[in-house]
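Here are a few short exercises to try with the model open beside you. Work through each task on your own before reading its solution.

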Amino acid sequence: MQIVSRHGVSGIWPIENSQGLSGIFDGVLMDEQIVDRLLTTLDVAIEAFAICRVDRGLKMIARGSPEIEVHYVLSGTMFLDVPGASRVECGPGSLVLVPPFLRQTIGADPADGQEMVAIDNCSPSRSGLIRFDATNGGEGDLHFVCGLIRANISGSFGLLDTVRRPIVEELGEIPIVRLSYDLMQTELTQPGLGSRALTGALMKTCVLIALRRHFGRGDHETSLLSTLRDPRLGKAVTAVLDKPAARHSVAGLASIAGMSRSAFAREFSTAFAMSPMAFVARTRLHHAAELLRSTNMPIKVIAAAIGFSSRSHFSRAFRAAYGADPSAYRRDDTDAEEEAAMAAPARAQPGSARATRAAA
């Protein structure tokens, strides 16, 4: 994806361009600029992970989950059916993101077959990894890894909220994706210090690569990206992302966009599945989370820096969005970093206890 200057298109295209051509360029560049900015705000956390096996002639049935589900095909060919969408067929190296609440039928061939409900055919392994098995006792013709992921309420910024059909990307040729899933399988079958933090980071890397490809093309169907081709909305979004602590209002953002208040509120809500002021609140809280993770600034100072008049109001809003108050969030993030740092030397030593345990 092309990354353009945060200062917008005015410093990129010559003023001599015709008005019509300039307008086309403005729309395309603003679209890419806003998508790139929004992708940097995406916070992904892993909720669960499993290895799935399916034989030809059988179908694994997965009930709709309230979370976003991600599949990565290791071997074989996946045939995925969800209500209201065409069948998805993808081979090894494919990553599939399935929106919440969609019932899935997964097979290793396109033919109809005996249905097996995933939740009724699962078992924990010794390591705690869940195994879903739709086979006749064999190794399975289709192998894929599966996870339930969620975008933190203050981290999706509408990118995933408006996705209604599965997103499928062929990523098998990308070395970092193959390495990431190999490492995730190792961490989840042979867990050690820092496994949770490392697995979450690897999952986020793969999901971001898939989303960057998906949103970087012009053939996607999401209303968010089609709406953001209107540079007027992009100007308002950029104003919020650049200065989240400013005293934003619907009327003020509509003025920046050059639209009436009612038209702006309607178009913005259509694009982001949230009101303009809800977007402002999410942006502020995401910025606060970044400051909590990367600085030692007092929480009261952070609250003021992002536009909250009191620490108590900020703490309530942050807890509602991230599930923890600011102090606990900062403490948990520090603990995760320390676990990962402690785990790094152990992974670098072939003769470590983990290596011995794996060999056994």
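**Exercise 1.** Find how many disulfides this predicted model holds, and work out where cysteine 146 stands in that search.

*Solution.* Start with the whole structure: the search turns up zero disulfides. Next, take cysteine 146, whose nearest cysteine sulfur belongs to cysteine 52 and lies 4.8 Å away. A disulfide needs the two sulfur atoms within 2.5 Å, and cysteine 146 is in no disulfide.

**Exercise 2.** Decide whether cysteine 146 and cysteine 206 are buried or exposed.

*Solution.* The cut-off for buried is under 20% relative accessible area. Cysteine 146 has 9% relative accessibility, so it counts as buried. Cysteine 206 has 0%, so it counts as buried too.

**Exercise 3.** Check the length of helix 8, residues 276–294, against its expected span.

*Solution.* First, note that helix 8 has 19 residues. At 1.5 Å a residue, taken times one less than the number of residues, the helix should span 27 Å. Then compare the end C-alpha atoms: they are 27 Å apart, which agrees.

As a follow-up, which residues of helix 8 are buried? Among them are Phe279, Val280, Arg282, Thr283 and Leu292.

**Exercise 4.** Describe the protein as a whole, from its elements to its surface.

*Solution.* Begin with the elements: twelve helices and twelve strands. Turn to burial, where 45% of the 360 residues count as buried. For contacts with a separation of 6 or more, 75% come from residues 24 or more positions apart. Finally, the protein exposes about 17400 Å², with carbon and sulfur atoms supplying 54% of that area.

Key
Residues are numbered from 1 along each chain as its sequence is written. This is a predicted model: local features need pLDDT of at least 70, side-chain atom pairs count only at pLDDT 80 or more; totals for chains, interfaces and linings use all residues. Side-chain values use heavy atoms; hydrogens and water are left out. Helices (H or I, at least four residues) and strands (E, at least two) are DSSP runs, numbered from the N terminus. Buried means under 20% relative accessible area, exposed over 50%, partly exposed in between (1.4 Å probe, protein chains only). Contact means heavy atoms within 4.5 Å. Accessible areas come from the Shrake-Rupley method with a 1.4 Å probe; for residues, only the protein chains shown count as cover.
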